[in-house]
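Biologist: I am new to reading models like this one, and I would like a slow, close look at a single part of it. Please pick one stretch, and tell me what surrounds it and how it ties in with the rest.

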Amino acid sequence: MSNYPTIRTFGEQAVLLDWPAQIDLDINKIVLSYCDLIKNVFTEEVQDVVPTYNSIAVYVSKTTEMNQFLKKLQTTIFNFSEKPRYRSNIISIPVCYELP
C-alpha cells in the first residue's frame with residue numbers, strides 16, 4: 001500500500017487527496033497525519049482541511065493561485081517521509097443496562 005494519495009482538484013478552490021477506498025486503520029492514521037501536515041505547512045493558503053476516513057478535502061483561500069498551490073502541495077506531500085504518528089486516545093465509558 002502506498003502512503004501517497006491521488007491528488008485532484010475539487011471545484012475551483014479545493015483539492016481532494018484520495019487513498020484507497022477501504023476501511024483500514026493504517027490508511028486512516030496516514031490521512032490524519034497528512035491532515036496535520038497540511039494544516040501546519042499551508043497556514044496562509046488553506047482555509048479549511050476536512051479529513052474523512054480515506055481522503056482529505058483541502059479548501060484554499062480565494063487569493064491563492066491554484067497551480068502554484070498544487071505544485072507546492074505535491075512537493076510537500078512527496079517529500080514527507082515520516083511514518084504516521086497520529087495516535088488516538090482510547091476512552092472507556094462504563095455503561096449500565098439495568099433499569100433502576
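Modeller: Let's start outside and work inwards. I93 sits in the segment that follows α2, residues 66–79 (helices are DSSP runs of H or I with at least four residues, strands are E runs of at least two, and both are numbered from the N terminus). This is a predicted model, in which local features need pLDDT of at least 70 and side-chain atom pairs count only at pLDDT 80 or more, while totals for chains, interfaces and linings use all residues. Residues are numbered from 1 along each chain as its sequence is written, and side-chain values use heavy atoms, with hydrogens and water left out.

I93 counts as exposed because its relative accessibility is 66% (buried is under 20%, exposed over 50%, partly exposed in between, with a 1.4 Å probe and protein chains only). Together with I91, V95 and Y97, I93 makes up a nonpolar surface patch with about 560 Å² of accessible area. Patch members have over 30% relative accessible area and no salt bridge; nonpolar side chains (Val, Leu, Ile, Met, Phe, Trp, Tyr) are joined within 5 Å, and like charges within 9 Å. The areas come from the Shrake-Rupley method with a 1.4 Å probe, and for residues only the protein chains shown count as cover.

Now for the part I would like to study closely: the start of β4. S55 belongs to this strand, which covers residues 55–60. Is S55 buried or exposed? S55 is buried, because its relative accessible area is 10%. Beyond its neighbours within four places in sequence, S55 is in contact (heavy atoms within 4.5 Å) with L16, L17, D18, W19, V31 and V50. V31 is 24 residues away along the chain, yet the C-alpha atoms of S55 and V31 are 6.5 Å apart. The side chain of S55 also makes a polar contact of 2.6 Å with that of T52. Such a contact is a pair of N or O atoms within 3.5 Å; within protein, one must be able to donate a hydrogen and the other to accept it, and residues adjacent in sequence count only if both atoms are side-chain atoms.

On one side of S55 is N54, in the loop between β3 and β4. N54 counts as buried because its relative accessibility is 18%. A polar atom of the N54 side chain lies 3.3 Å from the backbone oxygen of P20. Leaving out residues up to four places away in sequence, N54 touches several others, including W19, A21, Q22 and I27.

On the other side is I56, whose partners more than four places away in sequence include V15, Y34, C35 and P51. I56 is also among the residues with the most contacts inside the largest nonpolar core, which has 23 residues (buried Ala, Val, Leu, Ile, Met, Phe, Trp, Tyr and Cys joined through side-chain atoms within 4.5 Å). The elements giving two or more residues to this core are β2 (14–18), α1 (25–41), β3 (46–51), β4 and α2. Of these, α1 gives the most, with 7 residues.

One last link: D18, a contact of S55, meets R8 in a salt bridge of 2.9 Å, N to O (a side-chain nitrogen of Lys or Arg within 4 Å of a carboxyl oxygen of Asp or Glu). This pair joins strand β1, residues 6–9, to β2, with R8 and D18 10 residues apart. R8 is partly exposed, because its relative accessible area is 42%.
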